[in-house]
Amino acid sequence: MKNNYIRYPDFKAKSFTISFDDNVTQDERLIELMEQYGIKGTFNIIPHWFRREDDTSIPEDPTYINVTAKVGKELYDKPFIEVANHSYDHAWFNMLPPSMQLREIQKGREELEHFFDRILTGFAYPYGCFTADTEEILRLAGITYARTVTSTNSFYLPQNWLEWNPTCHYASENLHSLTNEFLDLALEDLEVPRCFYVWGHTFEMDRMDNWNVIEDLFATMSGKEDIWYATNGEICDYMKSAEQLVYSMDETYIKNPTSTEIFMEIDEKKYRIKPGETAILR
């Protein structure tokens with residue numbers, strides 16, 4: 001076995017995903033754009049910050065208004081959206097002892113799972129902050145990936161899924177050049193899957209009056225046959241499944257013990273290894 005390449009579904013080597021935080025009213029406009037352009041992504045929700053249905057107060061900052069639970073239930077319940085945990089009350093984790101970090105993570109996850117009637121294992125660090133204890137706490141709480149706010153300006157997937165650094169913020173001065181660089185990547189040059197990961201907050205688009213930036217990005221990125229459009233969780237789950245493949249010592253057999261079909265290119269030959277199947281490499 002000279003060349004052994006994991007591919008995304010349908011033998012693609014590139015993925016595009018987005019991640020937006022804080023369950024604010026501007027999310028609705030972004031979701032409309034996602035649906036228009038066929039983009040998938042993740043919204044990181046703070047359950048304690050849902051606006052009360054009877055709250056008629058005028059907010060100090062009109063650009064930052066959280067959606068109500070009723071609106072959120074409908075808004076984020078879409079097939080192209082993943083809901084992830086942004087902690088129960090958006091706490092500064094670098095200021096909390098481990099026991100309080102665990103409470104923030106567990107309570108946030110539990111409330112969101114009850115609210116959306118699904119298992120949720122994604123997380124985004126509030127304010128991008130965490131301590132040396134946080135990763136182990138996340139594992140104990142059943143979290144499979146956690147997004148930071150540290151831009152890599154690259155397209156490599158994380159070595160540590162609990163410290164998933166995105167490519168860039170949507171308002172980055174490098175967004176345009178990174179977009180072109182990603183689109184120019186050719187399958188034959190990619191030994192490992194690449195991911196273009198853009199994050200942000202939709203309220204920033206009102207404050208900076210730059211909705212055109214995200215719409216231009218979506219228009220440029222949409223409809224590409226060589227790109228897998230996926231949520232954060234879909235990418236993480238797929239790659240974690242690929243990591244569980246079992247190889248025979250003589251590299252003749254590969255067993256897929258997971259519930260996910262895995263796509264591979266081995267010595268210029270394509271393989272689709274179905275759940276529970278053992279592929280013979282001859």
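Biologist: Hi! Which side chain does the side chain of T42 make a polar contact with?

Modeller: With the side chain of E82, at 2.5 Å. Keep in mind that this is a predicted model.

Biologist: Good to know. Where does T42 lie?

Modeller: In strand β3, which covers residues 41–45.

Biologist: And is T42 buried or exposed?

Modeller: T42 counts as buried, because its relative accessibility is 1% and the cut-off for buried is under 20%.

Biologist: What else does T42 touch, leaving out residues up to four places away in sequence?

Modeller: Besides E82, T42 touches I18, S19, F20, A84, Y145, T231, N232 and G233.

Biologist: Let's zoom out. How many helices and strands does the chain have?

Modeller: The chain comes to 8 helices and 14 strands. Its radius of gyration is 20 Å, and the globule rule gives 19 Å for 282 residues, so the chain is as compact as a globular protein of that length.

Biologist: What does the C-alpha trace span along its principal axes?

Modeller: About 70 × 40 × 30 Å.

Biologist: What share of the residues count as buried?

Modeller: 51% of the 282 residues. As for contacts between residues at least 6 apart in sequence, 66% of them join residues at least 24 apart.

Biologist: Now the inside. How many residues are in the largest nonpolar core?

Modeller: That core has 37 residues. F16, L30, M34, Y76, F196, I214 and F218 are those with the most contacts inside it. Apart from it lies another core, of 28 residues, including I6, A84, W164 and A230.

Biologist: Tell me about F196. Which residues is it in contact with, leaving aside neighbours within four places?

Modeller: F196 is in contact with S15, F16, T17, F155, T167, C168, L175, L178, T179, F182, L217 and M221.

Biologist: Changing topic: in what order do the strands of the open sheet with 3 strands come?

Modeller: The order is β1-β12-β13, with antiparallel pairing. β1 (4–7) and β13 (269–273) stand at the edges; each has a single partner strand, so one side of each is left without a neighbour in the sheet. From one strand to the next, the twist averages 25°.

Biologist: How many bridges do β12 and β13 pair over?

Modeller: Strand β12 (residues 262–266) pairs with β13 over 5 bridges, while β1 and β12 pair over 4 bridges.

Biologist: Can you put residues on that? Who stands opposite E265?

Modeller: Y5 stands opposite E265 in β12. On the β13 side, the bridge partner of E265 is K270, and M264 has Y271 as its bridge partner in β13.

Biologist: How many residues sit between β12 and β13 in their hairpin?

Modeller: There are 2 residues between them, and D267 in the turn has a positive phi of about 50°.

Biologist: Last one. How many of the residues of β12 are buried?

Modeller: 5 of its 5 residues are buried. In a regular strand the side chains alternate between the two faces of the sheet. In β12, I262, M264 and I266 are on one side, F263 and E265 are on the other, and both faces are covered.

Biologist: So E265 is one of the buried residues too. Thanks!

Modeller: Right, E265 is buried, and it is bridged to K270 in β13 as well.

Technical notes
Residues are numbered from 1 along each chain as its sequence is written. This is a predicted model: local features need pLDDT of at least 70, side-chain atom pairs count only at pLDDT 80 or more; totals for chains, interfaces and linings use all residues. Side-chain values use heavy atoms; hydrogens and water are left out. A nonpolar core is a set of buried Ala, Val, Leu, Ile, Met, Phe, Trp, Tyr and Cys residues joined through side-chain atoms within 4.5 Å. Buried means under 20% relative accessible area, exposed over 50%, partly exposed in between (1.4 Å probe, protein chains only). Contact means heavy atoms within 4.5 Å. A polar contact is a pair of N or O atoms within 3.5 Å; within protein, one must be able to donate a hydrogen and the other to accept it, and residues adjacent in sequence count only if both atoms are side-chain atoms. Two strands pair if DSSP finds at least two bridges between them. Axes are lines fitted to C-alpha atoms, for helices over the stretch in contact, and angles run from 0 to 180 degrees between N-to-C directions. The radius of gyration is taken over C-alpha atoms; the globule rule is 2.2 Å times the number of residues to the power 0.38.
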